[in-house]
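Trainee: I should like to learn how to read the features of a structural model. May we begin with a polar side chain and proceed from there?

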Amino acid sequence: MRIIGMDIHRVAAEVVSLPDGEIVKFGRVQMLRNKLEEFARRELTHDDHVVTEATGNATAVAEVLSPYGG
């Protein structure tokens, strides 16, 4: 299981993970449905847990990513 963190902004999110105590940067993902889905298909597994900050569009991001990760 990996824990993926997303720092969500209006235009993009910064995405990181912390396996084995080292930060792994996934980079920026644009806040567009097709870009979020592309990221999720490419990077997430059903064992992953995605943590987002509580912002106005966090619920929408969770809805897009939920079919791909935990």
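Mentor: Let us begin with a side-chain pair. The side chains of aspartate 48 and arginine 2 are joined by a polar contact of 2.7 Å. Please bear in mind that this is a predicted model.

Trainee: Where does aspartate 48 lie?

Mentor: Aspartate 48 is found in the loop that runs between helix H1 (33-43) and strand E4 (49-52).

Trainee: Is aspartate 48 buried or exposed, and why?

Mentor: The criterion is relative accessibility, with buried meaning under 20%. Aspartate 48 counts as buried because its relative accessibility is 2%.

Trainee: Which backbone atom lies 2.8 Å from a polar atom of the side chain of aspartate 48?

Mentor: That atom is the backbone nitrogen of threonine 45. If neighbours within four places in sequence are left aside, aspartate 48 is in contact with Arg2, Ile4, Glu43, Gly69 and Gly70. Arginine 2 thus appears both in this list and in the polar contact of 2.7 Å.

Trainee: How should a helix be read? Which residues of helix H2 are buried?

Mentor: One asks how the buried positions are arranged about the axis. In H2, residues 58-65, the buried residues are Ala58, Val61, Val64 and Leu65. Viewed down the axis of H2, its buried residues fall within an arc of 125°, so they line one face of the helix. Thr59 and Glu63 are exposed and sit on the face turned away from the buried side.

Trainee: What covers the buried residues of H2?

Mentor: The cover includes strand E1 (3-8), H1 and E4.

Trainee: Which residues have the most contacts inside the largest nonpolar core?

Mentor: This core has 15 residues, and those with the most contacts inside it are Met6, Ile8, Leu36, Val61 and Leu65. The elements giving two or more residues to the core are E1, E2, H1 and H2. H2 supplies the largest share, 4 residues. As for isoleucine 8, its contacts beyond four places in sequence include Ala13, Met31, Ala58 and Val61.

Trainee: How do strands E2 and E3 pair?

Mentor: A general point comes before the case: in a regular strand, side chains alternate between the two faces of the sheet. Here E2 (residues 12-17) and E3 (residues 24-30) pair in the antiparallel sense over 6 bridges. Alanine 12 stands opposite glutamine 30 in E3.

Trainee: How many residues lie between the two strands of this hairpin?

Mentor: There are 6 residues between E2 and E3, and aspartate 20 in the turn has a positive phi of about 55°.

How values were computed:
Residues are numbered from 1 along each chain as its sequence is written. This is a predicted model: local features need pLDDT of at least 70, side-chain atom pairs count only at pLDDT 80 or more; totals for chains, interfaces and linings use all residues. Side-chain values use heavy atoms; hydrogens and water are left out. Buried means under 20% relative accessible area, exposed over 50%, partly exposed in between (1.4 Å probe, protein chains only). A polar contact is a pair of N or O atoms within 3.5 Å; within protein, one must be able to donate a hydrogen and the other to accept it, and residues adjacent in sequence count only if both atoms are side-chain atoms. Contact means heavy atoms within 4.5 Å. The arc is that of the directions from the helix axis to the C-beta atoms. Two strands pair if DSSP finds at least two bridges between them. A nonpolar core is a set of buried Ala, Val, Leu, Ile, Met, Phe, Trp, Tyr and Cys residues joined through side-chain atoms within 4.5 Å.
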